Protein chains: 2
Amino acid sequence: MKRTIYLKKKTLAEARAIVSSKIAKLIHLGTETVPVVDAIGRVTAEPLYAKISSPPFHCAAMDGIAIKAESTYGATEESPKSLRLHQEAFFVNTGNPIPAGTDAVIMIEDVHLVDSETVEIREAAYPWQHVRAMGEDVITTEMVFPENHKITAYDVGALLASGHLRICVKRRPKVLIVPTGSELLEPVEIDLKSNPPSNIIESNSYVLSGLIIEDGAQPVRRPVVEDNAKKIREALLSDYNSVDLILVIAGSSAGSEDYTRSIIEESGEVFVHGISMMPGKPTLIGRFKDRPIIGIPGYPVSAILAYEEVVRPLLHQVLGLMRPEKPKIRAFPTRKIPSKLGTEEFLRVKVGRFGERFFATPLPRGSGMITSLTKADGLIRIPVHSEGLNEDEAVEVELLRPFEEILNTVTMVGSHDLTLDVLANLLGKLYPPVFFSSHAVGSLGGILAIRKGICHMAGLHLLDPETGEYNLPYIRSYLKGIEVRVVHLVFREQGLIVQRGNPKGIKGLEDLLRKDVRFINRQKGSGTRVLLDHTLKTLSLDPSEIQGYEKEEYTHMAVASTVSSGIADAGLGILSAAKAIDLDFIPIAKERYDLVIPAVQFEDEKIRRVVEIIRSDEFKKTVLQMGGYDVSRTGEELT
Amino acid sequence: MKRTIYLKKKTLAEARAIVSSKIAKLIHLGTETVPVVDAIGRVTAEPLYAKISSPPFHCAAMDGIAIKAESTYGATEESPKSLRLHQEAFFVNTGNPIPAGTDAVIMIEDVHLVDSETVEIREAAYPWQHVRAMGEDVITTEMVFPENHKITAYDVGALLASGHLRICVKRRPKVLIVPTGSELLEPVEIDLKSNPPSNIIESNSYVLSGLIIEDGAQPVRRPVVEDNAKKIREALLSDYNSVDLILVIAGSSAGSEDYTRSIIEESGEVFVHGISMMPGKPTLIGRFKDRPIIGIPGYPVSAILAYEEVVRPLLHQVLGLMRPEKPKIRAFPTRKIPSKLGTEEFLRVKVGRFGERFFATPLPRGSGMITSLTKADGLIRIPVHSEGLNEDEAVEVELLRPFEEILNTVTMVGSHDLTLDVLANLLGKLYPPVFFSSHAVGSLGGILAIRKGICHMAGLHLLDPETGEYNLPYIRSYLKGIEVRVVHLVFREQGLIVQRGNPKGIKGLEDLLRKDVRFINRQKGSGTRVLLDHTLKTLSLDPSEIQGYEKEEYTHMAVASTVSSGIADAGLGILSAAKAIDLDFIPIAKERYDLVIPAVQFEDEKIRRVVEIIRSDEFKKTVLQMGGYDVSRTGEELT
């Protein structure tokens with residue numbers, strides 16, 4: 001089977017140097033003239049010199065009369081001076097030019113009208129009183145903005161004030177986006193419920209279009225082209241001429257259906273194929289005829305990183321702008337993170353401030369996980385020559401969300417429960433909103449996070465087999481010496497989630513031992529796992545006889561989803577997860593789910609709001625509607 | 001004369017509390033459904049749960065064949081296994097669903113086709129090899145985004161992946177903008193050269209429109225309404241019903257032509273009139289019928305601050321978003337800055353990093369100075385209960401420009417010269433650009449700034465009367481102990497700038513003593529002033545006999561502008577300033593203008609680029625074209 005082989009991979013720095021030297025030269029942006037009022041976000045193509053001064057004349061800064069200050073000298077309450085209207089004194093409103101010969105304005109409320117032709121002045125004015133001098137703000141011919149200046153909303157004010165009604169700006173770079181892939185569906189109206197798609201909805205081109213607009217360029221999207229060299233070539237040939245830059249999405253990898261490279265080599269030149277970055281390796285940089293072309297990898301995170309690290313600097317360079325940098329903070333990784341030597345890795349992380357330190361928790365690293373970017377607070381670049389991050393060494397994090405949102409985020413670590421989404425949603429409706437971030441690592445993981453001081457609260461449902469009590473025995477034994485408060489969230493039903501109609505006729509845990517039943521388990525340390533193991537022991541059932549006992553998932557929904565897809569016949573989980581995707585449910589136990597909050601956090605404004613929401617009627621009402629929950633003691637503090 | 005009196009002024013905090021409680025309630029945003037691909041920047045009106053999982057099925061992560069891993073166990077190079085195509089092995093491309101019964105993918109280049117119906121496997125596959133499991137990224141029914149979430153470009157990827165093609169978002173708040181003022185011109189095509197305007201171009205409404213769009217709302221601008229209560233009332237009555245919020249620009253002050261307050265009182269209620277902030281005092285907050293209305297002051301800086309401090313938080317509140325905060329740094333004021341007790345002042349500043357510290361230099365404080373915002377790097381809030389800032393106490397600065405631009409800015413303090421604009425412009429064309437910021441404080445001011453360590457370079461043209469030498473004697477005496485480098489910029493012609501055609505027949509400095517000649521001087525400490533005083537002394541002319549000797553301006557252009565407007569008949573300045581606005585010029589002296597750069601700065605990359613540009617042919621050529629300059633030794637280092 002034929003396969004394209006990558007060229008010798010380049011580092012990102014090398015690839016960027018090639019883009020900056022060889023690729024930028026291929027783009028010849030012209031200029032255009034636009035009304036200043038439509039110019040926000042555009043980049044000046046020439047230095048702009050003031051055409052008029054601002055103010056354009058000496059003008060009144062108050063409503064009143066313009067006079068020559070000298071003519072009022074000596075005026076007092078006792079011996080006022082009279083001035084003739086329309087000859088020595090002239091009515092003016094704020095912004096009006098003051099008549100020739102005058103040099104001061106007296107406020108209207110200090111003016112005493114004697115008759116229709118005379119005013120009386122009872123206090124002397126000083127020269128230039130209440131007058132804005134011509135050119136006070138801008139003087140004709142001074143440079144207002146240099147070339148390569150990006151116009152802001154404020155700048156429109158300075159430009160109009162200096163007499164610019166239309167200005168010459170750089171044309172927006174036109175970027176052609178060609179999504180390729182036979183498996184891709186256009187995101188048009190399709191009925192997802194009745195036609196479960198066997199294809200994947202194309203999204204990269206729309207994400208990139210959004211980023212291109214943010215960068216001051218103009219996306220031109222083509223419909224999806226199937227994996228067919230002839231059709232891709234046709235798409236490029238019919239369009240390349242009218243744009244400044246071409247992005248071909250997918251097909252730049254090294255598979256049998258990856259045609260981008262050979263098509264470019266036929267009609268141009270490939271400068272880079274393969275960058276030692278992760279995600280983003282299969283990026284390609286070349287020239288198609290006389291147009292620059294970038295092969296963007298097909299996985300969503302790779303596509304975004306290839307865009308941001310390669311295309312964004314190029315667009316900024318041709319527009320003459322500095323590449324925008326994301327704000328940065330330093331944070332401690334919550335665990336050791338090994339990374340591949342020789343590859344620059346872009347790790348997506350959640351960031352939280354606990355005590356005086358910021359901590360970064362890694363999100364899934366797969367390049368297909370778009371939610372690892374949408375959930376991320378920041379990015380850590382692990383350099384090419386690093387083997388990874390250590391827990392006790394702070395590293396730089398580029399923030400993807402506003403800093404104030406991160407400071408206003410409550411981080412919960414521990415067991416997963418669907419009512420946390422309800423909580424998150426209600427917190428987001430406050431003003432100012434409180435953001436809620438939950439990491440599903442199981443109940444025991446939550447307790448350990450509290451001990452390490454890397455979360456605001458932990459969610460637990462840990463049955464103590466000795467006493468039959470929930471949570472408190474674990475808190476007492478694992479969190480010795482740490483003062484905590486425990487807020488009860490919900491009682492919930494755990495049970496076996498089975499396929500719709502229960503085709504295998506499963507009635508209880510005993511049936512898990514049957515040869516025709518495949519089970520999906522939860523990870524060690526999760527409350528559900530503790531519950532399962534305890535109940536199996538009580539019933540004297542041998543876990544080693546359960547098929548699939550060793551296969552673990554991390555959330556209730558993942559268990560339900562595994563059952564729904566037919567990979568497993570049963571898994572232990574909560575009723576609401578089964579209901580959410582319409583599966584059957586066999587109740588096994590009712591359990592208590594509590595939140596553990598370090599006492600030092602408890603008075604924090606945002607934690608207080610979390611507790612308030614939990615105690616609100618709206619929260620309880622919404623949770624009840626989900627089914628499988630008992631809110632009779634929700635919000636109570638346990639001791 | 002009748003005058004509106006302010007209500008008892010509110011602090012900004014009090015005014016905001018009223019907006020947040022009384023005004024926000026008056027806005028009832030509905031929702032609308034939009035295609036996800038057009039939803040960037042919109043705010044979710046409900047929590048969005050995944051409609052499908054992503055991937056929606058187990059799918060191939062590579063091009064190859066899908067098989068059941070079990071069927072390959074034991075396969076080696078020596079004893080390969082044969083699988084029947086279309087029954088045990090199925091060709092798949094990246095992204096395709098794997099057929100029921102298969103659980104792994106073998107890459108196409110490891111597949112050996114025996115005949116059209118058989119493939120040979122030479123290495124065992126492991127389960128889930130090269131397969132992306134259904135729901136790996138998103139699981140059906142999980143919450144993808146909560147309510148009140150602002151959609152980013154990345155989010156479009158997550159929404160499409162989770163089956164959302166259209167989503168329900170909040171309607172954009174519609175904001176009516178009514179600019180008022182009889183002195184205002186619409187910024188349509190007018191010939192400024194042949195018709196010097198006696199009016200002022202309306203700009204506030206366009207600046208606010210830009211800010212409103214940034215804030216996710218929708219501006220609806222009305223043409224300028226003149227200062228006439230009836231017409232303003234009519235404009236409001238015909239429009240208020242179709243919008244969520246009304247901004248009336250100007251007319252909310254306390255002058256005779258300020259109608260906003262009385263119009264609102266007729267048909268609604270005024271909650272706040274006058275906020276103890278500067279700029280921005282004449283802000284008004286009220287209700288017009290059932291619509292919220294904000295009276296925005298007419299001066300441009302006041303208008304922007306009233307918008308950003310009062311309207312922006314309101315728009316964010318009704319959209320359910322956090323108010324965006326500007327990034328902040330701490331900087332030392334370059335001088336003591338007194339401020340009015342009882343008023344919250346918003347001071348615009350230039351920011352620079354010199355050594356380890358950031359310094360903030362105040363810009364002009366007038367509310368009519370739009371360039372004090374467009375030139376500013378940041379804002380300092382001087383609190384209501386403060387009397388000002390001290391030189392040695394660092395204060396918080398909210399940044400108005402990206403931090404990396406500030407770090408990449410060269411700050412020059414000292415004498416003003418028009419060639420600095422040429423330099424600034426050429427630096428902005430580099431990649432990445434270097435920004436150039438110059439503060440005109442006179443030559444001596446520049447020397448003092450070097451001594452205080454609050455600039456990167458100083459521009460001087462200081463004649464030493466004793467030796468007749470330029471600059472170096474001053475450097476030796478004022479900068480003792482500071483190692484500096486001196487780079488020669490230009491020789492330039494100084495002379496008397498007089499009105500076009502020289503109507504007063506001025507021939508030299510002697511004529512300044514004439515009774516019919518009014519002079520405009522430069523400030524003490526400027527090189528031009530030193531030159532004037534030295535030359536007057538040489539000629540035995542008595543400065544006290546010069547009319548206007550005590551009137552000072554800070555730049556050559558300001559002097560030229562004063563002459564041009566007829567306020568003065570002559571001023572000393574450079575030829576290029578006279579030429580720029582077409583005035584006549586009587587040469588007096590040729591002088592040397594040099595740049596002094598502390599040696600510690602000289603190796604800094606951005607300073608190196610400045611020196612490179614000064615030495616470039618392009619710089620010299622452009623300067624020569626301006627006239628009045630000699631570039632024969634430009635760029636030479638002096639010792």
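This section describes the arrangement of two chains in a predicted model, their shared interface and selected local elements.

The two copies are related by a rotation of 180° with 0.0 Å of shift along its axis, which superposes chain B on chain A with an RMSD of 0.0 Å. That is the relation of a two-fold axis. Within chain B, the residue whose C-alpha comes closest to the rotation axis is B:P327, at 4.2 Å. The same surface serves both copies, in that 100% of the contact residues of chain B recur in chain A.

The contact between the chains involves 101 residues of chain B and 101 residues of chain A. On the side of chain B that touches chain A, at least two residues each are supplied by the helices α2 (153-161), α3 (204-214), α6 (300-319), α7 (371-374), α8 (403-407), α9 (419-428) and α13 (556-564), and by the strand β15 (200-201). The largest share of this side, eight residues, comes from α2(B). By residue class, the side of chain B that touches chain A divides into 51 nonpolar, 29 polar and 21 charged residues.

Chain A is assigned five domains, listed here with their bounds: domain 1 (12-27 + 173-188 + 197-319), domain 2 (31-54 + 137-170), domain 3 (59-132), domain 4 (329-401) and domain 5 (435-638). Taken over C-alpha atoms, the centres of domain 2 of chain A and domain 4 of chain A are separated by 42 Å.

Helix α3 of chain A spans residues 204-214, and nine of its 11 residues are buried, so the helix is largely enclosed by the rest of the structure. The buried residues of α3(A) are A:N204, A:S205, A:Y206, A:V207, A:L208, A:S209, A:G210, A:L211 and A:I212. Their cover is drawn from both chains: it includes β13 (174-179), β16 (218-221), β17 (245-249) and α6 (300-319) of chain A, together with α2 of chain B. The helix α2(B) that takes part in this cover is also the element with the largest share of the side of chain B that touches chain A. Just after α3(A), a positive phi of about 80° is found at A:G216.

In chain A, an open sheet is formed by three strands in the order β6-β4-β7, with antiparallel pairing. Its edge strands are β6 (90-92) and β7 (104-107) of chain A, each of which pairs on one side only. From one strand to the next, the twist averages 40°. Strand β4 of chain A, residues 64-67, pairs with β7(A) in the antiparallel sense over four bridges. One residue of this pairing is A:G64, whose bridge partner in β7(A) is A:M107.

The loop between β4 and β5 (81-84) of chain A holds A:S71. This residue has 19 C-beta neighbours inside 10 Å and therefore counts as partly exposed, the threshold for a buried residue being 20 or more. Leaving aside residues up to four places away in sequence, A:S71 touches A:L83 and A:E88. The second of these contacts, A:E88, lies 17 residues from A:S71 in sequence, with 8.2 Å between the two C-alpha atoms.

Chain B likewise has an open sheet of three strands, with the order β6-β4-β7 and antiparallel pairing. Here β6 (90-92) and β7 (104-107) of chain B stand at the edges with a single partner strand each, so one side of each is left without a neighbour in the sheet. The twist averages 40° from one strand to the next. Four bridges join β4 (residues 64-67) of chain B to β7(B) in the antiparallel sense, and B:G64 stands opposite B:M107 in β7(B).

Parallel pairing is found further along chain B, at strand β33 (residues 519-522), which pairs with strand β35 (residues 570-574) over two bridges. In this pairing, B:F519 stands opposite B:A570 in β35(B). Strand β33(B) is also joined by two bridges to strand β34 (residues 552-553) of chain B, again running parallel, and there B:N521 stands opposite B:E552 in β34(B). The residues B:F519 and B:N521 point one way from β33(B), whereas B:I520 and B:R522 point the other way; all are buried.

Key:
Residues are numbered from 1 along each chain as its sequence is written. Chains are lettered from A and ligands numbered from 1 in the order in which they are written. This is a predicted model: local features need pLDDT of at least 70, side-chain atom pairs count only at pLDDT 80 or more; totals for chains, interfaces and linings use all residues. Copies are superposed by least squares on the C-alpha atoms of residues with pLDDT of at least 70 in both. Two residues are in contact if their C-beta atoms, placed from the backbone, lie within 7 Å. Domain bounds come from an automatic or database domain assignment. Ala, Val, Leu, Ile, Met, Phe, Trp, Tyr, Cys and Pro count as nonpolar, Asp, Glu, Lys and Arg as charged, and the others, Gly among them, as polar. Two strands pair if DSSP finds at least two bridges between them. Axes are lines fitted to C-alpha atoms, for helices over the stretch in contact, and angles run from 0 to 180 degrees between N-to-C directions. A residue is buried if 20 or more other C-beta atoms lie within 10 Å of its own, exposed if 12 or fewer, and partly exposed in between; C-beta atoms are placed from the backbone.
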